[in-house]
Amino acid sequence: MRRLVTVVLSLVLFIFVFAETKQIVILQTSDLHGYIYPVDYAMNKPANWGLAKVASVIKEQREKYGEENVIVIDTGDLIQGSPMAYYHARFENEPVNPMVLVMNHLKFAASVLGNHEFNYGLNVLNKAVSEADFPFLSANIVDEQDTPYFMPYHLVEIGDVKVLILGLTTKYIPNWEDPRNIKGLKFLDPVQVAKEYVEAFKDLVDVVVIAYHGGLEKDPATGNPTEPLVGENQGYSLATEIEGVHVLLTGHQHRSIATKIGNVAVLQPSNWGKMVGKVTLSLEKNEEGKWVVKDSKPELIDASKYPANQEVLDLTKDYEEKTQKWLDIPVGTANGDFYVSDPFVARLWDNPLMEFVNKVQMYYTGAKISSTALFTNDVKGWKAGPVTLRDINAVYIYANTLKVIKVKGADIKAALEKSADYFVFENGVAKENKKWIEPKVQRYNYDIWEGISYKIVLNRPVGDRIVDLMFEGKPVDMEAEYEVVLNNYRAGGGGGYSMFTNKPVVKEVLIEMAELMSNYLLEKKEIEATLDNNWGAYVEMEYSVNAGDTLESIASKLGVSIEELRRWNNVSGDVKAGDVLKYYVPYFEYLKFMQKAS
């Protein structure tokens with residue numbers, strides 16, 4: 001009997017030790033935004049990004065694991081963003097989309113629809129989809145009959161291992177996109193849709209991959225919210241609320257993430273092809289002969305360290321040459337510098353470049369109040385002399401159009417207060433609020449206004465930093481209505497500006513801002529660098545009234561007007577000794593004063 005037990009145990013051990021195993025690698029790109037060549041188009045210099053570099057990573061991984069064991073998936077924002085993508089979409093759309101051309105060559109398994117896929121309209125998008133040898137996926141984008149408009153999923157077989165790739169897209173697109181570009185489409189809740197598909201497929205496949213153009217709304221380690229839970233990003237919910245998911249590929253936020261939420265491997269590989277996400281899955285057959293995922297290892301590969309793949313460069317050489325030629329076309333002349341030497345300073349005080357962008361918005365809409373943003377710290381503008389299309393496209397990097405909406409004065413104030421949260425004031429020094437750069441860089445959500453005047457008072461509490469908010473020489477009436485021009489993203493409440501959501505639309509200009517800026521220069525031929533200093537960062541100070549002081553003498557001593565002193569302190573009559581008056585010093589003057597004092 002003992003010998004029989006020993007034999008049985010030996011057989012079980014033999015089966016366990018020699019159980020059939022398999023390794024599968026999933027590679028992910030996301031938010032490539034039309035970048036193929038490793039080129040900084042604004043400066044026309046080499047850069048460490050682009051699909052050509054990603055191609056070298058893919059080649060290496062296929063050689064290491066075997067081409068048949070590597071699945072390559074993209075999670076959206078593919079065909080919009082770079083000057084090459086813009087030129088192809090707007091001026092020469094007949095050839096195959098360059099991104100699709102390269103991805104066909106690289107044998108991508110699938111790509112997910114991102115929000116920026118819709119920026120050029122459904123005709124351009126549908127053409128790109130039709131040119132792909134791989135499916136464009138999104139299960140939660142449906143038509144008016146609730147039928148998926150795109151393929152909802154894709155099944156990949158590696159030997160006898162069945163892999164489900166379920167595509168999902170952020171449902172928040174209607175808040176940003178030009179309605180003409182998404183006409184007839186509905187964007188369902190991705191979490192609910194995913195639950196239905198995963199439940200239907202969980203017994204039919206061995207590996208479930210959710211590929212989602214959206215990010216994480218909560219910290220993957222703690223589960224604490226990292227942003228307002230408005231539905232723009234629902235990755236954490238996808239990872240925690242759906243049973244049977246092995247891999248969650250995310251995007252949209254341009255973050256670098258390789259982690260696990262429970263047993264779900266979670267990736268997000270930055271943007272522009274700077275990183276490639278990688279999940280290594282280890283599978284084993286169980287006693288019933290079904291493959292089971294025993295382990296998953298998420299990681300990021302730094303594509304910037306790889307050379308650009310020459311085959312990819314050759315494949316798209318014609319697209320690149322035409323783009324570069326187009327970018328170097330001069331459209332006008334600048335008298336004076338429209339240049340940002342320090343982006344942090346440009347968010348502390350008015351500057352000619354942002355004033356110009358706002359002026360263009362006001363010119364083409366007739367609105368008297370305008371708002372725009374210095375989108376990234378890489379935006380520099382241009383100096384005196386010829387201005388080219390390259391200069392303009394490097395400043396306005398998004399395919400935004402314009403909307404004039406009707407808002408109340410209180411909405412303007414609330415929007416300004418939100419932007420003012422960008423700063424922290426520590427030990428008398430203004431710094432960038434870490435919440436605006438971690439976990440996701442959101443500098444594009446800091447708005448700069450023209451047509452109104454205002455002060456950002458750094459040493460006042462968050463939510464109460466905007467003072468002296470004026471329009472046409474009078475304080476802005478919180479209950480009165482004003483017409484404001486914003487880009488379509490912000491006008492829909494994008495970036496957390498809920499005070500603009502569902503406001504009456506007075507006018508729309510459905511031409512992209514880069515084109516409007518080019519048209520403005522072509523029309524005017526010359527533009528002057530102007531600076532009206534209508535806004536800036538200040539520090540609140542106090543003045544104790546001495547015997548013999550008058551408002552006139554105090555105003556003269558402080559370098560402000562009597563009217564300002566009255567307005568800031570709600571003073572209608574005279575002042576007396578012992579009174580304390582508030583006044584505001586420009587931040588950079590305050591720094592000089594403090595340096596002298598020390």
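1. A word on exposure to start: a residue is called buried when its relative accessible area is under 20%, exposed when it is over 50%, and partly exposed in between. D146 has a relative accessibility of 46%, so it counts as partly exposed. You will find D146 in the loop that runs between strand 7 (141-142) and strand 8 (153-158). If you would like a sense of distance, try W436: D146 and W436 are 290 residues apart in sequence, and their C-alpha atoms are 37 Å apart in space.

2. Please keep in mind that this is a predicted model. The average pLDDT of the protein is 94, and 97% of the residues reach at least 70. One stretch calls for care: over residues 7-16 the pLDDT stays under 50, and the model gives this stretch zero contacts beyond four places in sequence.

3. A good place to begin looking is the largest nonpolar core, which has 148 residues. The members that touch the most other members are L51, F118, W382, I412, W449 and M517. Helix 2 (residues 51-65) gives the most to this core, contributing seven residues. In soluble globular proteins, nonpolar side chains tend to be buried together.

4. L51 deserves a closer look. Once its neighbours within four places in sequence are set aside, L51 is in contact with L32, Y35, I36, M99, V102, M103, L106 and F108.

5. Helix 3 (residues 83-90) is mostly covered, with seven of its eight residues buried. Those buried residues are P83, M84, A85, Y86, Y87, H88 and A89. Which helices do the buried residues of helix 3 pack against? The partners are helix 4 (98-105), helix 5 (122-131), helix 9 (317-327), helix 12 (389-395) and helix 15.

6. Helix 5 can be read alongside helix 3. In helix 5, the buried residues are L122, V124, L125, K127, A128 and E131. They pack against helix 3, helix 4 and strand 6 (136-137).

7. Is E512 buried or exposed? Its relative accessibility is 5%, and because buried means under 20%, E512 counts as buried. E512 sits in the loop between strand 30 (505-509) and helix 15 (513-524). Beyond its neighbours within four places in sequence, E512 is in contact with Y86, R90, N119, Y120, A399, N400 and T401. Of these, Y86 was listed above among the buried residues of helix 3.

8. Two residues other than glycine have a backbone angle to check. H33 has a positive phi, near 50°, and lies in the loop between strand 1 (21-29) and strand 2 (39-40). With 6% relative accessibility, H33 counts as buried. N427 also has a positive phi, of about 55°, although it is not a glycine. The loop between strand 23 (423-426) and strand 24 holds N427, and at 81% relative accessibility N427 counts as exposed.

9. There is a cis peptide bond to note as well. The bond from E438 to P439 is cis, with omega near 0°. P439 belongs to the loop between strand 24 (429-432) and strand 25 (447-450).

10. Now for the empty space. Rolling a probe the size of a water molecule over the atoms shows where empty space is left. How many cavities of 30 Å³ or more does a search of the whole structure find? The search finds one. The largest cavity holds about 40 Å³ of space, and its lining is made up of S371, T372, A373, F375, D447, L486, N487 and R490. By character, this lining divides into three nonpolar, three polar and two charged residues. Strand 19 (369-373) and strand 29 (481-487) each supply at least two of the lining residues, with the largest share, three residues, coming from strand 19.

11. Finally, have a look at the second largest pocket, where about 590 Å³ of space lies. It is lined by 28 residues, and those closest to its centre are E227, P228, K418, Q442 and G495. The lining of this pocket divides into eight nonpolar, 11 polar and nine charged residues.

Technical notes:
Residues are numbered from 1 along each chain as its sequence is written. This is a predicted model: local features need pLDDT of at least 70, side-chain atom pairs count only at pLDDT 80 or more; totals for chains, interfaces and linings use all residues. Side-chain values use heavy atoms; hydrogens and water are left out. A nonpolar core is a set of buried Ala, Val, Leu, Ile, Met, Phe, Trp, Tyr and Cys residues joined through side-chain atoms within 4.5 Å. Buried means under 20% relative accessible area, exposed over 50%, partly exposed in between (1.4 Å probe, protein chains only). Helices (H or I, at least four residues) and strands (E, at least two) are DSSP runs, numbered from the N terminus. Contact means heavy atoms within 4.5 Å. On a 1 Å grid over the protein atoms alone, a cavity is a set of points where a 1.4 Å probe fits but cannot get out, and a pocket is an open set with protein on both sides within 12 Å along at least five of seven lines; lining residues have an atom within 4 Å of a point. Grid points are joined across faces, edges and corners, and a volume is the space filled by probe spheres set on the points. Ala, Val, Leu, Ile, Met, Phe, Trp, Tyr, Cys and Pro count as nonpolar, Asp, Glu, Lys and Arg as charged, and the others, Gly among them, as polar. pLDDT is the predictor's confidence in each residue, from 0 to 100.
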